[in-house]
Amino acid sequence: MARKSSRPSQFERAYRLLEYLRENTDREHPITQAKLRDNPETHSYMGRKETGRDLIIRMVLAMNYAEYGLRPKDQWKLNFDAFEAKYGRDNEEEDGDEEKGLDDLQIRRLYYQHTFSKEEIDRLIEAVLFSSTLTGQEAKALIDKIETRLTTRFYPKDLKKVCRVREPRLVEPARLRESLLTIQQAIDSHVKISFVFNAYRRDKQLHPVRKKGRIPFRDTVSPYYIVANGGRYYLLACRDNYSNMSIWRIDLMTDIEISGGGKESIRPEDRAQDKKNVRDLPQVWDEEFHHTHLNMSYERPRHIRLRIWPRQSEQEINYTFLHDWFGDSFRYIRTEESGDDVVEVQCSPYAMVNFAMQYSDRFEVLEPKEVREGVIKKLQEACQRYNLKKEN
């Protein structure tokens, strides 16, 4: 093995300086050539003033220029005030000799331009914290990598103080990831999938919901969208021999197979149904979908009117619960003489009946009649059960 020279090579000098700038500078925290020469960590890589300046100029050329000229400003990696003043405008000056064009520029306020802003880093870490496909240990390791490789020492690590709640692990993250990848492959290829749909039993294990004799029944569907909602993943699809949308919890799906085995030549019977032929399916994804399909219920949403009243401990009506579930999609209609408010939401009837049971102390369903009757029926059934328990 060759003996390492005590004098760093130009490649090593550039690499060490770049790493230092990446870890210790950003637009709000630039540095000067003088401080780089005085710093024990970078002193041996800077050399004399002219040598250090020449190295930085060559690094700027390598990092900010592509084969056919200067990259767009948001793709620069090294920046300093004079460089930005000269080349950061729309009518940037180009004279064909980039190195000569930089000769007269003073290198002040030098910094590394990071790919992600602090706000974007916060969002990445938040996404990791709320991921249901990562264990706590995996999430911590990934956040450490994000903070180490994508931020500076000035990045406020506030989100590290957020404590992860240990949610029930209904499925192994590795199996869930595999399921998601298989389904996404089928969606991209416009083919069907088949699987066994399951439910948990008293032994805390998954068991097939339907069987043919002793053999688990396999559902076949055309897949369209994978939706993350409430810490779980759902599939919007259409079952074979049906024409309406159906929604499936992916963590309850096992033995997922792509029709035709994922081969390049797709048989007609393996092709997914066209979206436009599926009733109630969004043709283009709508991020407000979960507001009209509470808890991912798949019935067609309807306009439903509610009467909301303040609870005993409140002087005014508290809309927080409504906003939690419907965002700002609910519509205020009027305030009645009693002081109660009438509002309208769009929601699937089945979901609204269960929602009304959950918040029976907050509102009542006014119309449509069949939804109101659905709530009444459920309340009567609940009262009957509790009365029977009292008698026993």
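Two rings of Phe, Tyr or Trp (its six-membered ring) count as a pair if their centres lie within 6.5 Å; planes under 30 degrees apart are called stacked, over 60 edge-to-face, and the rest tilted. Keep that rule handy, as the structure above is a predicted model and the rule gives 16 aromatic pairs in it.

**Exercise 1.** Classify the ring pair of Tyr-225 and Trp-285, and find where its two members sit.

*Solution.*
- Start with the geometry: the ring centres are 5.3 Å apart and the planes make an angle of 45 degrees.
- The distance is within the 6.5 Å limit, and the angle is neither under 30 nor over 60 degrees, so the pair is tilted.
- Next, locate the residues: Tyr-225 belongs to strand S9 (residues 218-229), while Trp-285 is in the loop between strand S12 (253-258) and helix H10 (289-292). The pair therefore links distant parts of the chain, 60 residues apart.
- Finally, check exposure: Tyr-225 is buried because its relative accessible area is 11%, under the 20% cut-off. Trp-285, at 33%, is partly exposed.

**Exercise 2.** Do the same for Phe-326 and Phe-355, then look for a wider cluster.

*Solution.*
- Here the centres are 5.6 Å apart and the planes meet at 85 degrees, which makes the pair edge-to-face.
- Phe-326 lies in helix H11 (residues 320-326) and Phe-355 in helix H12 (residues 349-358), so this contact ties together parts 29 residues apart in sequence.
- Both Phe-326 and Phe-355 are buried.
- Following the ring pairs outward gives a cluster of Phe-321, Trp-325, Phe-326, Phe-355, Tyr-359 and Phe-363.

**Exercise 3.** Test the length of helix H8 (residues 136-150), and work out how its buried residues are arranged.

*Solution.*
- Helix H8 has 15 residues, and at 1.5 Å a residue it should span 21 Å. Its end C-alpha atoms are 21 Å apart, which agrees.
- The buried residues of H8 are Ala-139, Ile-143, Ile-146 and Glu-147. They cover an arc of only 90 degrees around the axis, so they lie on the same side of H8.
- On the other side of H8, Gln-137 and Lys-145 are exposed.
- What covers the buried residues of H8 includes helix H7 (118-129).

**Exercise 4.** Is Arg-48 buried or exposed, and where does it lie?

*Solution.*
- Arg-48 is in the loop between helix H3 (43-46) and helix H4 (49-64).
- Its relative accessibility is 59%, over the 50% cut-off, so Arg-48 counts as exposed.
- For a distance check, the C-alpha atoms of Arg-48 and Leu-61 are separated by 20 Å, with the two residues 13 apart along the chain.

How values were computed:
Residues numbered from 1 in each chain as written. Predicted model: local features only at pLDDT ≥ 70, side-chain atom pairs only at ≥ 80, totals over all residues. Heavy atoms only, no water. Helix = DSSP H or I, 4+ residues; strand = E, 2+ residues; numbered from the N terminus. Buried < 20%, exposed > 50% of the residue type's maximum accessible area, 1.4 Å probe, protein only. Expected span 1.5 Å × (residues − 1). Arc of directions from axis to C-beta. Contact = heavy atoms within 4.5 Å.
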